[in-house]
Amino acid sequence: LTALELQNFNWQVSSNRQAHHTDKFSSQNLICRRGQPFFVLMTFNRKFGSGDDLSFTVLTGPAPSESAKTKAVFPLSSGTNSGGWSARLENNNNNNLAVAISSPANAPIGLYTLNLQISSQGSVSSLKLGTFMLLFNPWQQADSVFMGNHAEREEYVQEDAGIIFVGSTNRISMVGWNFGQFEDDILSISLAILDRSLNYRRDAATDVARRGDPKYVCRVLSAMINSNDDNGVLAGNWSGDYTGGRDPRNWNGSVEILKEWKRTGFRPVRFGQCWVFAGTLNTVMRSLGIPARVITNFNSAHDTDRNLSVDVYYDSMGNPLDKGSDSVWNFHVWNEAWFVRTDLGPSYSGWQVLDATPQERSQGVFQCGPASVIAVKEGDVNLDFDMPFVFSEVNADRTTWIEDPSNGTQRKNSVDPRSVGRYISTKAVGSNSRVDVTEKYKYPEDSSMERQVFQKAMGKLKPNASFGPTSSRGMEREEREPSISGKFKVMGVLAVGKEVDLALILKNLTTDVKTVTVNMTAWTIVYNGTLVHEVFKDSITVSLDPEEETQHPVKIPYARYDKYLKADNMIRITAVCQVPDEDEVVVGRDVILDNPTLTLEVMDQAHVKKPAIVRMLFSNPLDQPVNNCVLMVEGSGLLLGNLKIDVPALGPKERSRVRFEILPTRSGTKQLLADFSCNKFPAIKAMLPIDVAE
C-alpha cells in the first residue's frame, strides 16, 4: 500500500455555520460554537484502512499548552465523546472520510489552528488544515452562557439592532442603536480587543487560557471599551465641548466606532458617553456569543466614597454647584450579560451588570462588573465584582447641602431616600417596547424588605456604624417639617427654538402667614449634571396667606439659551426658597426640549439585493437659517457601512427633502437609523423599521 495522503479538506462551512447559528456573520470562515461538533470531509489518495492513524491538534493563543487547555491533541476514534476535544469517525466511504470534531463546552474562545498528523506505512506526515473561530454557545446546556428560552436567545444573541432609553424620569425617550455584531470584521475586531488588553500584555498565555470563562472575558471587555488605562476603544467626554472628535449623540451604532478604532491603528475613538460605551460593549458580547442587553437607570447615583449617599450642593442664590465628586445622572446606561456564576453559587446566576463607562477604578483599572443583579437586589455588597458601586447606583440616598457664600460652610438641607434608581429600563424581547426591570434590582420602595436590604448593605460597608432597630433611612437628624412646598410646572410646549415656559408653584402648608424669599437659576447641562452655562436668574419675595398657593412665571426665551444648549437639550431649573428662621426648601426640575421631527420614508417595497429609495423630510422650525447640515445613515442588513450626506443650508421655516439609496442584504425587518446635525440642532434622531422581502 502507498502511504496515505490528504488530497482535499472540506470545512463544510455553510452547513456547519447553519448548525452552529453563526450563518449571519459576514466573514466566510468557519465560525463554530463550543460544546457542539462540526463536521469535516477529508479526501485521501486511497481508502482509509486499519494500518492508518490520524491525529488532530488544535491550538489557540501565542503559547499553546495542554495544561492551560489552549492546546489539545486527539486521535480519530469511533468511540463517544468524553467532554474534551475529540474527532469521531462518522463515515468511511471510498476515499472519503467524514469526521465530527467536538470541543469542550468550557473551551477558551478565539481563533484556533487545526493540524493533522497522518501515520501510515511507517511514515509520519503533518500538515496545517487551517483556522476556525470558536465562540460561546448559548444553545448548549453545558455552556455557562446557556439560555434556554428561544425568543430571548434570538433577541439577546442574534438581534443586531436595538433601542436604548435616554432622557429623564419625567421624559423617557428612545434612540435606535445599530449593534451590527455580524457586520464585516466586527467579530475579528472583538477578538482583537481581548488581544490588546492589559491582562494580555502582562501575561498572554494566562489571559488566553482564561477566555473560556464569560465572567473573565466580560470584565476585561468592560475595561477595554473605554480608553482609560489601556488605549481601549472609546474616549469619554462629558464636558459639552467635543472639539477634535464627534459629539457622542451623533453616533448611530457600534460598527463605525469599532472599525474606526481598528483603522486608526487602535487609537481611542472620540467621543463616547454612557449609552455609546454600553451599545459598543453589547455588540462585542453578542458577537462572541454572550447573551447581552442594554439597561438604562434613571436618576443614577455616582457614589464615589461607598457611603450609599450622594451629596449635591447649591448656594443660597439657587445655583447648583460643581462640588464634591458625587453626582446623580439624569440617566445612566450599562449592560447585562447572561451567564452562570460558578464563583458565587447558582443563586447568583443569570443577568450580570457590566459597565464600560469609566466612572470609578476597580482593582486599579476603570472596569466594572460582573455584578449579579440578584445580589444587588439582596444587598450582598461583599460579593464580586464592584457590588458596592452598582448597589449605590440604584439605591443611594440623595443628600442636599446648602453652602453659605460668606464663609464657605455647608449645611445639610434634606435627605431623599427615594429619588435614585427609577424606571430601570430595557428593550422588550421581540419589540421596541420599554420593559421596566426595577423590581429585579430592588424591592418596592418603602417596603420593609427594601429597608432591610439597605441596612444589610450598610452594615457590610460600614460594619462599625451603629444602626438602632428604630433608625430608618435618612432620619439621622430631627426633621422639621417645612412650612411651604414648591414645584415647577411646565406651562407650554418644550421645544428647541421656543421660549421655555414654566411656573414655580408655592404652597403655604400652615395656618400662618409666611414670607418666602426665592432665588432662582436655570443652567443648560449635560445629562450627567455637568453645568454648561447659566441662562436665567430671578429673585422674588412672596407673601403667602394661610394655605395659599401661588404661581410665579419662569420664562426663558430662545435667545437666552440658544448658544448654550447641548445635544442633551437639557435645562436644570432650581429655586432655593427661604422662610425666615427655617431650613431652605430646594425645588429643582430638569426639562428636556424636543427636537423638530426628522421623518424617514421608504418609497417602495424593499427586496434583498435590489436598491430602494428612502426619503428624509425635515422642516427648519426657526426664524433663522440653519447651516452645516449633515445626514448620517446606517442600518445592518440595509446598507454596507454608513452614508454621510451633506444637506444644503435651510432658510427660516424652510423644508428639506433628501433622497438616498439603500441596498438590503438580508430579509426580515431591519432598522434604518438616521442622525441629522446642523449648527442649531447638534443631533436629531430618526429610525425606520423596513420590511425586506426575499
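The questions and answers below concern the domains, helix contacts, annotated sites and backbone of a predicted model.

Local features are described at pLDDT of at least 70 and side-chain atom pairs at pLDDT 80 or more, while totals for chains, interfaces and linings use all residues. Residues are numbered from 1 along each chain as its sequence is written, and side-chain values use heavy atoms, with hydrogens and water left out.

Q: How many Å separate the centres of domain 1 and domain 3?
A: The protein is divided into domain 1 (6-135), domain 2 (150-461), domain 3 (484-592) and domain 4 (598-692). These bounds come from an automatic or database domain assignment. Taken over C-alpha atoms, the separation of the centres of domain 1 and domain 3 is 69 Å.

Q: Is α3 roughly parallel or roughly perpendicular to α8?
A: Helices (H or I, at least four residues) and strands (E, at least two) are DSSP runs numbered from the N terminus. Axes are lines fitted to C-alpha atoms, for helices over the stretch in contact, and angles run from 0 to 180 degrees between N-to-C directions. The axes of α3 (residues 186-195) and α8 (residues 274-288) come within 9 Å and cross at roughly 105°. Because 65 to 115 degrees counts as roughly perpendicular (under 35 is roughly parallel, over 145 roughly antiparallel, the rest oblique), α3 is to α8 roughly perpendicular.

Q: How many charged residues has the contact of α10 with α12?
A: The axes of α10 (residues 387-395) and α12 (residues 448-461) come within 12 Å. Contact (heavy atoms within 4.5 Å) involves Pro388, Phe391 and Asn395 of α10 with Val453, Phe454, Ala457 and Leu461 of α12. Ala, Val, Leu, Ile, Met, Phe, Trp, Tyr, Cys and Pro count as nonpolar, Asp, Glu, Lys and Arg as charged, and the others, Gly among them, as polar. By these classes, the contact has six nonpolar residues, one polar and, as for charged residues, no such residue.

Q: Which residues does the UniProt annotation "active site" cover?
A: The annotation comes from an unreviewed entry; UniProt positions follow the numbering used here, feature names are shortened, and annotations may be inferred rather than shown by experiment. One of the residues covered, histidine 332, lies in strand β17 (residues 327-339). The residues covered are Cys274, His332 and Asp355. They span 82 residues in sequence, yet no two of their C-alpha atoms are more than 9.8 Å apart, so they gather at one spot: that of Cys274, His332 and Asp355.

Q: What is omega for the peptide bond joining aspartate 384 and phenylalanine 385?
A: Most peptide bonds are trans. Phenylalanine 385 is in the loop between α9 (373-378) and α10. The bond joining aspartate 384 and phenylalanine 385 is cis, with omega about -5°.

Q: Where does histidine 21 lie?
A: Most residues other than glycine have a negative phi. Histidine 21 has a positive phi, near 60°. Its place is the loop between α1 (13-19) and β2 (31-33).
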